[in-house]
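This briefing is meant to be read with the sequence and the model side by side. Please keep both in view while going through the points below.

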Amino acid sequence: MGATMRYDAGENIVHVWHPQPVPLKTREDIEAYFEANRKFWRTHCGVKKAYFVVDFDGQSTPVEHQEHYTQCVKAAMDECAITVVRYGGDMLQRLAARMAATKLHVPSNVYRSREEALAVVRALRNGTMKVSS
């Protein structure tokens, strides 16, 4: 169980998507999911932090594990990410991302489409937009 990932070295973006449903039902599921993401990052990016563009379609986390999910997001971001930009998913998943971002004092960066998410990453990279906290 997990995400499908691809690293675009030219843009320094790790693309994450879920072609099969990835329900993170338990704390162990959440931990395994984020560890797999970090392992991919270590293998493909070394120690260089990257932008993560995450398609939320197919991924879900129950509200009772929101706090644990948030802590796993923080650990992954601290190690791997310049920032995380998300798109897609259902209303509850987008809300969970916003709740996690609020608790972590980082922007939620949730957009409607992949194109919008990529435009944000490119604007951040070229300096026409800044990551705010």
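Which exposed residues does the face of α1 turned away from its buried side carry? In this predicted model, that face carries Glu28, Lys39 and Thr43, which are exposed. The points below begin with this helix and then follow its buried residues into the aromatic cluster, the nonpolar cores and the strands.

**Helix α1**

- Helix α1 runs over residues 27-45, and its 19 residues reach 26 Å from the first C-alpha to the last, which is close to the 27 Å expected at 1.5 Å a residue.
- The buried residues of α1 are Ile30, Tyr33, Phe34, Asn37, Arg38, Phe40, Trp41 and Cys45; they cover an arc of only 155 degrees around the axis, which puts them on the same side of α1.
- An α-helix has 3.6 residues a turn, so residues three or four places apart point the same way.
- The buried residues of α1 pack against the strands β1 (4-8), β2 (13-17), β3 (22-23), β4 (50-55) and β5 (59-60), and also against helix α2 (66-80).
- Just after α1 comes Gly46, which takes a positive phi of about 65 degrees.

**Aromatic cluster**

- The count of aromatic pairs comes to two; in one of them, the rings of Tyr33 and Phe34 have their centres 5.3 Å apart and their planes at 90 degrees, an angle over the cut-off of 60, so the pair is edge-to-face.
- Phe34 also forms an edge-to-face aromatic pair with Tyr69, at 5.5 Å centre to centre and with 65 degrees between the planes, and this pair links distant parts of the chain, with Phe34 in helix α1 and Tyr69 in helix α2, 35 residues apart.
- Ring pairs thus link Tyr33, Phe34 and Tyr69 into a cluster.
- Tyr33 is buried, with a relative accessible area of 6%, while Phe34 is buried with a relative accessible area of 8%, and Tyr69 is buried as well.

**Nonpolar cores**

- The largest nonpolar core has 28 residues, of which Val14, Val16, Tyr33, Phe34, Ala50, Phe52 and Tyr69 touch the most other members.
- The elements that give two or more residues to this core are the strands β1, β2, β4 and β6 (81-87), together with the helices α1, α2 and α3 (91-104).
- Apart from the largest core lies another core, of 10 residues, including Val53, Tyr87, Leu118 and Leu124.
- In soluble globular proteins, nonpolar side chains tend to be buried together.

**Strand β4 and its partners**

- Six of the six residues of β4 are buried, so this strand is largely enclosed by the rest of the structure.
- β4 pairs with β2 in the parallel sense over four bridges, and Val16 stands opposite Val54 in β4.
- When residues up to four places away in sequence are not counted, Val16 touches Ala3, Thr4, Met5, Tyr33, Phe52, Val53, Val54 and Asp55.
- β4 also pairs with β6, in the parallel sense over six bridges, where Ala50 stands opposite Ala81 in β6.

**Gln66 in helix α2**

- Gln66 is found in helix α2 and is buried, since its relative accessible area is 5%, which falls under the 20% cut-off.
- Not counting residues up to four places away in sequence, Gln66 touches Ala96, Met99 and Ala100.

Conventions
Residues numbered from 1 in each chain as written. Predicted model: local features only at pLDDT ≥ 70, side-chain atom pairs only at ≥ 80, totals over all residues. Heavy atoms only, no water. Expected span 1.5 Å × (residues − 1). Buried < 20%, exposed > 50% of the residue type's maximum accessible area, 1.4 Å probe, protein only. Arc of directions from axis to C-beta. Contact = heavy atoms within 4.5 Å. Phe/Tyr/Trp six-rings, centres within 6.5 Å; stacked < 30°, edge-to-face > 60°. Core = buried A, V, L, I, M, F, W, Y, C linked by side-chain atoms within 4.5 Å. Pairing = 2+ DSSP bridges.
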